[in-house]
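Hi,

Here's the structure I said I'd send over. Have a look at it first, then read on for my notes.

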Amino acid sequence: VVYPAGTPSLEELGRKLESSGVTSLWLTAALFEQMQARQPKALASVRQLLAGGDALPVSRVKERLAAGGTLINGYGPTENTTFSSTYRMEKPEEVGVSVSIGRPVRNTVAYVLDGAMRPVPVGVPGELYVGGDGLAVGYVGRPELTAERFVPSPYGEGARLYRTGDVVRWLRSGTLEFLGRADTQVKVRGYRIELGEVEAALAQHGGVNEAVVVAREDGGDGGEGKRLVAYVTARDAASLDAGALRSHMKQRLPEYMVPSVYVLLESLPLTPNGKVDRKALPAPVAMLGTPGPDYVAPRTPTEELIAGIFSQVLGVERVGAKDDFFELGGHSLLATQVVSRIRGTFQTELPLRELFEAPTLSALAERLDHAIRTGASVTAPPLKPRADGSRVLPPSFAQQRLWLLDQMARGSASYNVPAVLRVEGPLRAEVLERSFVELVRRHESLRTTFSARDGKPVQVIAAEPVLAFRSAGLESLAEAARTAEVTRLVEQEAHQPFELERGPLLRVTLLKLSEHEHVLILVTHHIVSDGWSMGVLVRDVTALYEAFSQGRPSPLPELAVQYPDYALWQREWLKGEVLESQLAYWKRQLEGAPPSLELPTDKPRPAVQAFRGGHLDQSWSLSLWERVKALAQREGATPFMVLLAAFQVVLSKYARQEDVCVGSPIAGRTHGETEGLIGFFTNMLVLRTKVSPTSSFRELLAQVREVTLGAYAHQDVPFEKLVEELHPERDLSRSPLFQVTLTLQNTPVTEVKLGDGLRLSGVESEGRTSKFDLSLVMEEVKDGVMAMVNYDSDLFEAGTMDRMLGHLKVLLEAAVAEPETRLWELPLMDREEQQLVKLWSGTAAHYPREESLARLFEEQAQRTPDAVAVEYEDERLTYAELNRRANQLAHHLKGMGVGPEVRVGLCVERSLELVVSVLGILKAGGVYVPLDASYPLERLAWMKQEAGVALLVAQEKLADEVAAGGELVVCVDTEWETQIALQAESTPVANVGGSNLAYVMFTSGSTGKPKGVGVPHRAVSRLVLGTDFAHFGPEEVWLQLAPISFDASTLEVWGALLHGAKLVVYPAGTPSLEELGRKLESSGVTSLWLTAALFEQMQARQPKALASVRQLLAGGDALPVSRVKERLAAGGVLINGYGPTENTTFSSTYRMEAPEEVGVSVSIGRPVKNTVAYVLDGGMRPVPVGVPGELYVGGDGLAVGYVG
């Protein structure tokens, strides 16, 4: 079966093997490796496979054998007719560290000899000599070379042997092992090459002084094995170019002998005896494609991806848009690799001949884009100039949207595109102005204004150029004043609105700083320009200036088409079936997408977006950027895709959303004719990714790659049309479909040099507007990458954005180092931030953690026996009296079986008896369980059952309500005189400590059933002892207002009774605001707890009464900012207390004394002493500063759990 002429791709060869039923096949070692890696199924169909020409790769050989195929390694020089020896393999075990070259074939001899042509022992290396009936007659017309290589055999009369130059050794099995070459003859891709012949051809180049060529295996990962690398030194400072050297070699040698890589050295390394030290020749690492000044970065996503493939296969670090695959060292075998990888990346067939016909990156990308569109049945018509030359035309879709936005926000500078250039050298202002006039004449877009006809926008092209050019002299100002004035004028020009109806829509301002220093400010409206256009503008103007300053006419050819032609073409093409087919993709892609990305903001979102912006940047290292590019190459992606994947993970963690949409601008110049135009071509793509925490970063990158390639393939649908068709819910506070964008700029601000020593360089200017919540721009710079964020300053503070960039950097570093890491495991924090978050999580302080509340109260009673402990209306009890009464109740309860951990139901309204009951139950060692008589009987029964209540302490009027279960009841009011007062007043022995339960408090449950929270003694004592969130002391007067069934009562009761303070018990029932206000003032309350709702009402209605309370604590819900500021402005202290019942009243607090301490919301502060607070993600890992997570609290305040 004869294969057709030409070099097949791996896929084509695979199909041929299967379709023709090939049973026996010979492949070079390099092609065998490629086929086994990429087409193993097709190769498996071949029964008998022979390979050789170079050392076979062990891993691929074992793969073949493991699949059940036969493989024969064939060794032999052409001089002994194809095979001198063979090694047949059928099992992986037959392969050692290397693949043996076997035994001599029949009628062939093989000898391993030393330098004196004597046989060497088994295992000792020697040179291989072969002979027998396969031996060639010799080299025709080369008797000297024939005599050198075909030598008499010492083992047969008249016989000859061929000296192979290969070093081998016999193995114990009687087979030969190939060890390498003995001379400078090498094998590359199956071809035997004399390096001296290549060096001689290279030395014929006029600019080459010395040349050395070696075969190396440190190239790209194209699997080609060895490649020829040429090392040259220049003659008499001649300028040597790799492309010129390659062309020179191609004219003299066959393609397989032309070196892939050329390395220019100042001198060749030498050995001590003066010979070239080949081992010291440097590896051609970090090889560049096009040299610096001529380098053009890949400009489209397709070019970026193909550049990555070229770079990977060829081992070239930087590939530019104009680089030629073959001039970078490519050859036919590597070409098949490139075509195969393009097929895998783009899922599109590209014939191998396309690479040979269009070997430059940009040309190949153009052909690939065409193939993709043809495959999608979306072949766009050619872009042609309009026949009638009309000057009133419809705008493009993008222009129409900007016109509408301008109608809604007249006088806005949000879509101004400023550029600032520093001009050094002898500038002629009149020539510069003339250059700009010609620029405006050349580009119709710069002569365009916009108006409405019949209610619809049209673009109107002026016949003559009108230029807004002004100059200002600042040379008389002092340096500091001059710098300040330049900054002011740049700001002024950048934010001066355009009138779309009047124009002109390009403004040029020239500032003269000195005779040889100027600043040029260019401002266009986005409706006629974009980022790419500014590069065209600078190139055109510099070419015109150089020509005009020398008295020459414009060197620029007239443009084949103009932007208005593109606008017409777009409207003619993108309609009907074409538009529907393109829209179908986007409708599928964005179906069910979240309407917005809910990033946590520092300020409340305004109802209408104002486009005010801030800007900041960070510089990231070159090593990180190199790792980003390396991962992109390995995964068949682009650096942009790696950045996008990392950015979407960060956004997902910030917003707590797994469905993330990010916008990204694309040049939109899909026709070659548009590359030199000034106009608004940029389109925005919506890149939607599902960020699953359990996926690895590599898996996410694969998804991002597919999403991005799909978007690129359907980029012709203008974003404006997409919004119109998908009609997302109208929201003036944010942009539709996405609110965050990512841009990778690999064409940074450049420097342009003109004749006469004139030099133009770009000046970075900070954006003071923002079209989105935030826009991340990554720009490649010489020493790494610049991460720049432009953000909505009505939403975010600069510090938040700075942290976000830091988090992105940390995550990116981890992701590129270990791409198999699950997304939820990728860190956002560096070590410093981890330490900070750990420090903030809580502090310990000494307090009596092992003591019971009863014991602590008794100690206080001994210190202040005569101080008033509790006051109820006109009744008072001192600490000594309260202690004695509680002791009597405790003895009574102990007599009824109450002891440690025994649950006692408590149903007593606010009164003196309530405080006595709480203390009495605890002194008996029991656990009080508050029961509210207003609850339904069924709920009360459930609570008693859950808590294991066997005894009730109640007031008689409430006893019948709660004792329906037949429990024992102690009535603290009616039974006091007759039973309880008869008990001893001495302190009972309770045998409980800090770890025993003090109470069980029920909270509402998600199932509708209340949950009983078991709280130990130490949880309460840690709340009010050894802490500093509030002032506790004997001079305080606390109001006991909260129902005993709510844990705020814990703070009120024990905040007073463990410090010798007075506890004022408010009468039963809910007070009116006025009644509460009067009580605060009449009782002289100094410390008060209120719920957030009651605080708001009291501050609104009873501010004077509330102002009399020195120390106010509030919480239970978010506090209203305005009321908080009112309270603080009046000079009062306010403490926001946060905490679930499960962590005993307060987990954290925020003390405020001045209105400035309140932000957009009221902070819940820091953990109280002996409490910890962690903000964790879904994987229970701490989140960084500014990133939302779930709050986990613990420490000594933690409840034992839910009883029952």
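Below is what turned up, going through aromatic pairs, salt bridges and one charged patch.

One thing to keep in mind: this is a predicted model.

**Aromatic pairs**

The count of aromatic pairs comes to 20. One of them joins tyrosine 566 and tryptophan 569, which are stacked, with 5.8 Å from centre to centre and 25° between the planes. Both sit in helix α16 (residues 563–573), and being 3 residues apart puts about one helical turn between them. Neither ring residue has much of its area open: tyrosine 566 is buried at 8% relative accessibility, and tryptophan 569 is buried as well, at 10%.

For a pair with another geometry, go to phenylalanine 1029 and phenylalanine 1032. Their ring centres are 5.7 Å apart and the planes stand at 85°, so this pair is edge-to-face. Phenylalanine 1029 counts as buried, with 5% relative accessibility, and phenylalanine 1032 is buried too, with a relative accessible area of 11%.

Back to tyrosine 566 and tryptophan 569 for a moment, since they belong to a wider group. Ring pairs link them with Tyr563, Trp573 and Phe681 into a cluster. If you colour one thing in your viewer, I'd try that cluster.

**Salt bridges**

The total here is 57 salt bridges. I picked three to walk through.

Start with arginine 60 and glutamate 63, whose side chains meet at 2.9 Å, N to O. The two residues share helix α4 (residues 58–66) and lie 3 residues apart, about one turn of the helix. Each is partly exposed: arginine 60 at 22% relative accessibility, glutamate 63 at 35%.

Next, aspartate 114 and arginine 118 form a salt bridge through their side chains, at 3.3 Å from N to O. Their surroundings fall into separate classes, as aspartate 114 is partly exposed at 25% relative accessibility, whereas arginine 118 is exposed, with a relative accessible area of 53%.

What does the salt bridge between glutamate 493 and arginine 470 tie together? Glutamate 493 is in helix α14 (residues 479–494) and arginine 470 in strand β20 (residues 468–473), so the pair connects parts that are 23 residues apart in sequence. The closest N and O atoms of glutamate 493 and arginine 470 are 3.4 Å apart. On the helix side, glutamate 493 is buried, at 7% relative accessible area; on the strand side, arginine 470 is partly exposed, at 36%.

Some salt bridges also share partners. Arg849, Glu850, Arg1018 and Asp1196 are joined into one network that way.

**A negative patch**

Last item: Glu956, Asp960, Glu961 and Asp973 form a negative surface patch. Aspartate 973 is in the loop between β36 (968–971) and β37 (997–1003). With a relative accessible area of 30%, aspartate 973 is classed as partly exposed, because that class covers the range between buried, under 20%, and exposed, over 50%.

**Where to look**

If you're short of time, here are my suggested stops:

- Helix α16 (residues 563–573), for tyrosine 566 and tryptophan 569.
- Helix α14 (residues 479–494) and strand β20 (residues 468–473), for glutamate 493 and arginine 470.
- The network of Arg849, Glu850, Arg1018 and Asp1196.
- The loop between β36 (968–971) and β37 (997–1003), for aspartate 973.

Cheers

Definitions and conventions
Residues numbered from 1 in each chain as written. Predicted model: local features only at pLDDT ≥ 70, side-chain atom pairs only at ≥ 80, totals over all residues. Heavy atoms only, no water. Patch = residues over 30% accessible without salt bridge, like charges linked within 9 Å, V, L, I, M, F, W, Y side chains within 5 Å. Areas by Shrake-Rupley, 256 points an atom, 1.4 Å probe, with all protein chains shown as cover. Salt bridge = Lys/Arg side-chain N within 4 Å of Asp/Glu carboxyl O. Lys, Arg positive; Asp, Glu negative; His and termini not counted. Charge placed at Lys NZ, Arg CZ, Asp CG, Glu CD. Helix = DSSP H or I, 4+ residues; strand = E, 2+ residues; numbered from the N terminus. Buried < 20%, exposed > 50% of the residue type's maximum accessible area, 1.4 Å probe, protein only. Phe/Tyr/Trp six-rings, centres within 6.5 Å; stacked < 30°, edge-to-face > 60°.
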